[in-house]
Amino acid sequence: MARPRSPAYPNFPLEKALVMISDIFEADRRNIIDRETAAKHVGYSSLSGASDKVLDALKHYNLL
């Protein structure tokens with residue numbers, strides 16, 4: 001049986017996170033934005049479980 005992944009472990013590698021954070025930065029530069037706007041910049045239409053996982057991974061890497 002596979003060992004379960006820790007809940008604090010990011011869902012994708014750092015390289016993918018850097019691509020996503022560059023999309024957010026290109027859209028808003030250093031302006032303060034809310035979670036819903038950040039989710040829209042990385043391709044989600046609104047906040048959902050999937051977008052929360054992406055934003056949490058970006059936060060884990062200290063990119064947000």
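Which polar side chain has an atom 2.7 Å from the backbone nitrogen of Ser-48? It's the side chain of Ser-51, and the pair fits the usual rule for a polar contact (N or O atoms within 3.5 Å; within protein, one must be able to donate a hydrogen and the other to accept it, and residues adjacent in sequence count only if both atoms are side-chain atoms). The model here is predicted, so local features need pLDDT of at least 70 and side-chain atom pairs count only at pLDDT 80 or more, while totals for chains, interfaces and linings use all residues. Residues are numbered from 1 along each chain as its sequence is written, and side-chain values use heavy atoms, with hydrogens and water left out.

Ser-51 sits in helix α3; helices are DSSP runs (H or I, at least four residues), numbered from the N terminus. With a relative accessible area of 1%, Ser-51 is buried, a label that means under 20%, whereas exposed means over 50% and partly exposed is in between (1.4 Å probe, protein chains only). Neighbours within four places in sequence aside, Ser-51 is in contact (heavy atoms within 4.5 Å) with Ala-39, Tyr-44 and Ser-46.

Now for α3 as a whole. Its 12 residues should span 16 Å at 1.5 Å a residue, and the end C-alpha atoms are indeed 16 Å apart; the expected span is 1.5 Å times one less than the number of residues. Buried in α3 are Ser-51, Val-54, Leu-55, Ala-57 and Leu-58. They take up an arc of only 155° around the axis, so they end up on the same side of α3; the arc is that of the directions from the helix axis to the C-beta atoms. Lys-53 and Lys-59, on the other side of α3, are exposed. The buried residues of α3 pack against α1 and α2. Just after α3, Asn-62 takes a positive phi of about 60°.

Ala-39 belongs to α2 and counts as buried, at 0% relative accessibility. Leaving out residues up to four places away in sequence, Ala-39 touches Tyr-44, Ser-46, Leu-47, Ser-51 and Leu-55.

Ala-39 is also part of the largest nonpolar core, which has 12 residues in all, including Phe-12, Met-20, Ile-24, Ala-38 and Leu-55. Such a core is a set of buried Ala, Val, Leu, Ile, Met, Phe, Trp, Tyr and Cys residues joined through side-chain atoms within 4.5 Å. Helices α1 (14-28), α2 (35-41) and α3 (49-60) each chip in at least two residues of this core. Ala-38, for its part, touches Ile-24, Ile-33 and Leu-55, residues up to four places away in sequence not counted.
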